[in-house]
Structures are given as structure tokens and as C-alpha cells.
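Please look over the model below. My notes follow as numbered points.

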Amino acid sequence: MAEHSNGGRTAIVLGGGLAGMLAVTALVGHVDAITVVERDRYPQGRAFRKGVPQARHLHVLLTGGQRALDELLPGTLTALTDAGARSLCLPRDLLTRMATGWQRRFHEPRHTTLSITRPVLDAVVRERALAAAAGSPTRVDVLEATEAIGLTGDADRVTGVRVRSRGGAPGGRAVQELSADLVVDASGRGSRAPQWYAELGRSAPGEETVDAGLAYATRMYRPKDPATAPDVGINIPGWADSPRGAVYVPVEDGNWLLTMSGVRGDHPPTDEAGFTAFSATVGDPYIHELLAQAEPLSPVHGFRDTCNRRRHYERPGALPEGFLVLGDAACTFNPVYGQGMSVAAISALAVRRTLAAGGGLRPGIAAEAQRAVARAAKPAWVTAVGADRPYVRPEDGRASLGERLSTRYLERFLVRAAIDPVVGAAFRDVFCLTAPSARLLAPRILLRTLFLPRRPAHPTPPLTVETV
């Protein structure tokens, strides 16, 4: 790798959101200078910004993501809790309605999900990431209102990026070239890396998509009387005979977020009356009944870009030297499952560990890190795709035999998980990203799923915690 005039190693991170700040944290100590290229200007305080189109919807950090985040930036979970994040212990604090009834409710202290609004999460992580970098030998500069428009280099080696300002000053649109030893694409779902590959004379990476045609909509509420508000979140996912779903969970400041979803032909409306009426059509009336005891605090916000997409940058020959892809730019999931932020944290930690074990930046290290990122995303991909596959249209591509068998097994598995603490624990281990997807096929889990009889779950929401 070429040395720069200051004798140090440099990196560029495309995207200054959550994945970008985690990428910065992973690189600190392994390079001398990092430049973050961010299309937006950061808002004052903890406010929404345009560059995160799904920011007004429900966001959670799963167990694996929490652990990774606190290892990357120690003390961040405490900071998020101090900022109002709500911790829900699973399955005790999240009532879940399955096709066969309500999941059993008991205390299993191994998994929590952290519920918080996206502006607060982003601001806390950004503040702590930049503060940690300021206390290190690595210099970090953030170019706000600046967009990347291409990569520099050739088919074998990326040497930097072309950028231009998005400001209104005369000459502000002039193109500038920034050089670096490593470019990290953390620009999210809208990543243009496949197009930039063509400009370098490379073929785009192999890509898989699984699109259930799902859309969702979200509105914020506050219970009229906090004393009568539920003490738990409520989750009513859709299923084959009831393709509409809803989840209602607490966030900071005593507020609650309701996100409702549906597949093709069953999308939730975004007008206020239609949104409320839709809540009565999901698989159980419980959430609809709770809305009568709450007042809305926001308009209804919709979101439709929910396709699962995996770009195989980790495959041999798919990555030029000096380039790395992280977060949604590499693998994006249907956001309704709440896995994306956790996978970003786990992936960034995998990058840091790869750099530490490999002796820092050197030829081939980016490809090693990319393989680690792919491994980090695999459990989330398996569960998200398994849940969405039954809703994919035949014309969008037939699933392989292996995928069809996996989907049928997963359907039976979820029915069993609702009533069986052993199978349920395996599901939560994988879904919360603390175990590989192979955990679902462990002999004990397989036998209990396939051979124990199916039984109905609770017919009504279990409002007391049972002993197991």
C-alpha cells in the first residue's frame, strides 16, 4: 500500500450514519487519519434527518448488537439507557401472537431488546464514536453535505473517491478527489458501489434478493393515563392466513411506537383514519383496543423499501484491493425484523478484530474483513429470508429445494417455539444474533420440533409471568 506524504495510513468512510460511525470506531488505532463523507448536514440536537428515510419507524438493538456495540464503544448501552431507551426482556416483556395463539410468557434473562428512536440512537453513537476517536492517535474529519460520486483507481485497486459538495456556494459542485489506503462503503441501502464497479471496469458483485412485497407504516402515541398503559410490548406478526401485522412498543419519554405492516394487497394506509382502522384487521384486536387509550403524537409515516438484498462482495475476486463494504450497503434485511442495526454493530466488530489479528492495513486484509462481515450477517439473513420467502411471488424466482425445506421447517419450528421454552430459547439465540443459524438444527431442537405434538398457545394475551 502506498504511503502518503505524511507517512501515515488513511481511510475514507462513505456515510456518517450509524454504520459509518461504527466503521470509524473499528478503524481507529489502525489508521492515522479517517475522512467521513456524509451527504447530509447533521441536525442540531437529536432530531430526524433526511438521509435516514426509515428513521421515524421502530428501531431496536438485539442482544448480539448490544454486546458488539458495547465492546466497540464501552459504556454506550448505559448512555442509551440514560437517554431513555427501553429494555425489554424476551419473552417476558414482549407479548407475541403466533398463528396458533399467544406465546408463553416467562422470564428468560439471556436476551433483551433495546427500543429507542433512531435520532437518539444515532446521536449517542456519533457523539461517543467521535469522542473516542478524539482521544486516540487517529485523526477523524467529517465532511458534511458532501456526496461521493465515484471511486478512483482501477479494476484491481481502489485508491480513493471522487466527491462534490452539496452546498449552495459558487463552485460548490466542483468535483474533488480524495485518496486513501482504504475506502469503506457504509452508505446504506442506496449504495452505488455496483455502478461504480462498472466505471472501474469490474463486474458488479453477485446479488441475491428476496422480496415479500411488504410495506409498513408507523405512528407515535402516548398513553392517556400512564398508570393504565401496558407494561410490555406487543407483537402480532403476520402469517399465511393473516398477512397483516403490528408491533407496539415503548420508547423514550413515555411514548410508544406502533408499526403496522402487510404484504402485497395488504399494505397499511398512511392516512390517520385508515391507519387506525387497519389496526383492527391484524391477527388479534389487542393493539387496536389499546389505541383507544392513547393519543397520537405524530403523522403516519410509510416505508416500502423492504427487499432483502445480499451482495456477495466476500466471494473470491469480488473485491478490489483497498475497498470494504459494511452494513446495509453489503446486506440489507426487511427492516420489520429489526436486525439491521445489530448486524452493523456485529460487522464493525468483526472488522476491528480482523484488523487486529491481521496486523492492521496490509494487502488482502480488506478481503478477509469482508468475509468476516458476510459471516456476521448470515444468521440474520437466514431468519429474515425464511420469514419472507412464503410471500415471494413465483415470477420473482423459485426458491431452491433447500430453501423450500428450510422454510417449511421454520414454519413448524416457530409454532413449537411459541409453547416450548427449549425450542423458543434456540429461536431467540439465533434471532437475537448470539448463535449461528445452525443452532436451529441442533439434534435436540430438531427432534422437539418435528416429533413433539403441535399444541395451541394461549388464546388471550398472557398478562402474568409463568414459571418454567
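1. Which residues make the nonpolar surface patch of about 320 Å²? Leu-447, Leu-450 and Phe-451 make it. Patch members have over 30% relative accessible area and no salt bridge, with nonpolar side chains joined within 5 Å; areas are Shrake-Rupley values with a 1.4 Å probe, and a salt bridge is a Lys or Arg side-chain nitrogen within 4 Å of an Asp or Glu carboxyl oxygen. Leu-447 lies in helix H12 (residues 443–451).

2. This is a predicted model: local features need pLDDT of at least 70, side-chain atom pairs count only at pLDDT 80 or more, and totals for chains, interfaces and linings use all residues. Residues are numbered from 1 along each chain as its sequence is written, and side-chain values use heavy atoms, with hydrogens and water left out.

3. The largest nonpolar core (buried Ala, Val, Leu, Ile, Met, Phe, Trp, Tyr and Cys residues joined through side-chain atoms within 4.5 Å) has 93 residues. Helix H9 (residues 365–388) gives the largest share of this core, 10 residues. A second, separate core of 22 residues includes Trp-102 and Tyr-221.

4. Leu-22 is among the residues with the most contacts inside the largest core. Beyond four places in sequence, Leu-22 is in contact (heavy atoms within 4.5 Å) with residues including Leu-69, Val-125 and Ala-348.

5. Val-125 is one of the buried residues (under 20% relative accessible area, 1.4 Å probe, protein chains only) of H4. Helices are DSSP runs (H or I) of at least four residues, numbered from the N terminus. The buried residues of H4 pack against elements including helix H1 (18–27) and helix H8 (340–358).

Conventions: Buried < 20%, exposed > 50% of the residue type's maximum accessible area, 1.4 Å probe, protein only. Helix = DSSP H or I, 4+ residues; strand = E, 2+ residues; numbered from the N terminus. Patch = residues over 30% accessible without salt bridge, like charges linked within 9 Å, V, L, I, M, F, W, Y side chains within 5 Å.
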